[in-house]
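Good morning, colleagues. Please keep the sequence and the structure in view while I speak.

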Amino acid sequence: MHKDIDTLIVTPEDMGRIDRAAALDLSSYGLMERAGQAVAAAALRRFPGALRFAVLCGPGNNGGDGYVAARALQEAGAAVAVHALGETAALTGDAASAFACFSGSVAPLSAYVPAAGDVVIDALFGAGLSRDVPQAVADIIEAVCRKAALPVLAVDLPSGVDGRTGQVRGAAFEASATVTFMCRKPGHLLLPGRSLAGDLEVFDIGIPARLLARHADHMRVNVPAIWRLALPEQEGAIHKYGRGHLAVFSGPATATGAARLSAAAGLRAGAGLVTLLSPREALSVNAAHLTAAMLKPVDGDDDLSALLDDARLQTFVLGPGFGDGARARGHVRLLAEGGRRLVLDADGISAFRDDPAALFALFSGESPRLVLTPHDGEFARLFPDLAQDGALSKIDRARKAAARSNGILILKGADTVIAAPDGRVLVNGNAPPWLATAGSGDVLAGIVGAHLAQGMPAFEAAASAVWRHGEAGRIAGEGLTAEDLPDAIPPWPE
Ligand SMILES: NC(=O)C1=CN([C@@H]2O[C@H](COP(=O)(O)OP(=O)(O)OC[C@H]3O[C@@H](n4cnc5c(N)ncnc54)[C@H](OP(=O)(O)O)[C@@H]3O)[C@@H](O)[C@H]2O)[C@H](O)CC1
Ligand SMILES: [K+]
């Protein structure tokens, strides 16, 4: 995968390892000093009208960053009130040094009374939050965010947001902005953490990139640089079969629209040919609405078997509006045994709810050629134990599900996660909120199918599809319907 550290996502645990490795060569207090200075600079830049900065400092190194920021703000001539959670005498290591360098007074957290004109610098907990916040902190959060509605600048993470999962531990600040260090953490990208962090600034405190790359797991933000090298050939492949042939299964006559949305998206996303495989009873309704896509009758496994004699048909989308679970299972078996690539969505996923292992067995053992596109509810049907395990982050869930199914997982949502069986994970961030509309998932399945049909490896096909789908949502704009999305699919990024 691409090496740039700007896209790297690092868990708090890995960041701790990286800090310890960095401390062998660099002063760890130097890192804290730069972190705290960056927070003070962001505070002055973002809140020029602040009457006072209320710096709330916790018992660990997040609090240490707070003491450095408080000193820097004071030196800049700003009014500062510092409040500490717990005994400052109990501070150790770098946090104790940062506290010792701060010459102003420090009052207990409980004595903080939010005042109009205050900007709160939240340095209570960062990467080290290990359980629900204490009641005293929940009370302060309530007073600051709800009652006084003061602006908050969070140090590393809004206190209460779990950096590994993005989940709220008891209560969490809602920050206008967050300054984090070196790399984004999962909690900055996964909901609800992403929306609680506000504007995110990633500040380089001087940890060498080689340490980050060596100690980080394979998690990144989904940006074009990651899959650009896997894009299909743009020139030369003139023949339309050269751009791949995608086949999309239609549902019954009463539910054909979803598959047509997938088919339209597949054409727009670059498949040379798209064929809709329709039950005979739905042929006329499909024919009435199709222009560029072709149409073939498929009622049962015999029809499909005959079709699979055509070696040009390598890529299929099954699920949008499909309905019939038993038929879906039969088709999926034939496609798997025929070595085909498959995007399994919606009803295609639900068809395996009683025996997910049967699905995984069909696609085991080779490089992935199954792409699963569940939302949370569909995910729970195939992976009930993972869905119920509250300790897992969305990243963990997608990664474990990919390993179990030997498929690429697109775990959908406003914070869609894409995972491969080999452990690579991407978190998507370009989807506008209005993309969550009926039929949007059918369009995504069609784009993935088109990318697979053009010969992209499954992980890159999925990741680039999620990205283009997000861009299409942005381009189509607020108020879009799913019908608007295929035409808004952008060309490949430069
Ligand atoms: N490279 C970097 O990114 C740098 C980051 N820095 C900053 O350091 C923090 C992480 O510091 P750490 O000391 O590991 O963790 P915290 O300060 O976030 O919190 C640990 C202390 O908080 C206590 N704790 C944890 N959860 C709770 C809770 N729910 N209630 C009460 N107390 C809690 C914990 O106590 P334990 O009893 O669990 O031991 C600790 O006392 C990072 O976020 C950055 O801000 C550095 O500046 C250097 C570089
Ligand atoms: K914080």
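Let me begin with a definition: two strands are said to pair if DSSP finds at least two bridges between them. I should also say at once that this is a predicted model.

With that in mind, consider strand 6, residues 177-181. On one side, strand 5, residues 152-155, pairs with strand 6 in the parallel sense over three bridges. Within that pairing, L153 stands opposite A177. Strand 6 also runs parallel to strand 7, residues 199-203, and five bridges join the two. A177 appears here too, standing opposite D199 of strand 7. Is strand 6 enclosed or open? Four of its five residues are buried, so strand 6 is largely enclosed by the rest of the structure.

Between strand 5 and strand 6 there is a loop, and Q167 is found in it. Is Q167 buried, exposed or partly exposed? A residue counts as buried with 20 or more other C-beta atoms within 10 Å, and as exposed with 12 or fewer. Q167 has 18 such atoms within 10 Å and is therefore partly exposed. As for its place relative to L24, the two residues are 143 apart in sequence, and their C-alpha atoms are 32 Å apart in space.

I turn next to strand 2, residues 80-84, where five of the five residues are buried. V80, V82 and A84 point one way from this strand, while A81 and H83 point the other way. Both sets are buried. Strand 2 pairs with strand 1, residues 52-57, in the parallel sense over five bridges, and L56 stands opposite H83 there.

Now to the annotations. An unreviewed UniProt entry assigns "domain: YjeF N-terminal" to residues 15-213. Over this range the chain is 41% helix and 17% strand, and the C-alpha atoms at its two ends are 11 Å apart. The unreviewed UniProt entry also carries the annotation "binding site", covering N62, D122 and S159. Why may we speak of one spot for these residues? They span 98 residues in sequence, yet no two of their C-alpha atoms are more than 9.5 Å apart, so they gather at one spot. Of these, D122 lies in strand 4, residues 118-123. With 32 other C-beta atoms within 10 Å, D122 is buried.

The next topic is ligand 1. Of the 29 residues around it, G60, N61, N62, G126 and G128 come nearest. The elements giving two or more residues to this shell are helix 1 (12-25), helix 2 (28-46) and helix 3 (61-75). Which of the elements gives the largest share? That is helix 3, with five residues. By residue class, the shell around ligand 1 divides into 15 nonpolar, nine polar and five charged.

Finally, the nonpolar core. In soluble globular proteins, nonpolar side chains tend to be buried together. The largest nonpolar core here has 154 residues, of which V39, V55, A69, I121 and A462 touch the most other members. Helix 20, residues 458-476, supplies the largest share of this core, ten residues. The core draws at least three residues from each of domain 1 (5-216) and domain 2 (224-488).

Thank you for your attention.

Conventions: Residues numbered from 1 in each chain as written. Chains lettered and ligands numbered in written order. Predicted model: local features only at pLDDT ≥ 70, side-chain atom pairs only at ≥ 80, totals over all residues. UniProt positions renumbered as here; feature names shortened; annotations may be inferred. Near = placed C-beta within 6 Å. Nonpolar A, V, L, I, M, F, W, Y, C, P; charged D, E, K, R; others polar. Core = buried A, V, L, I, M, F, W, Y, C linked by C-beta atoms within 7 Å. Domains from an automatic or database assignment.
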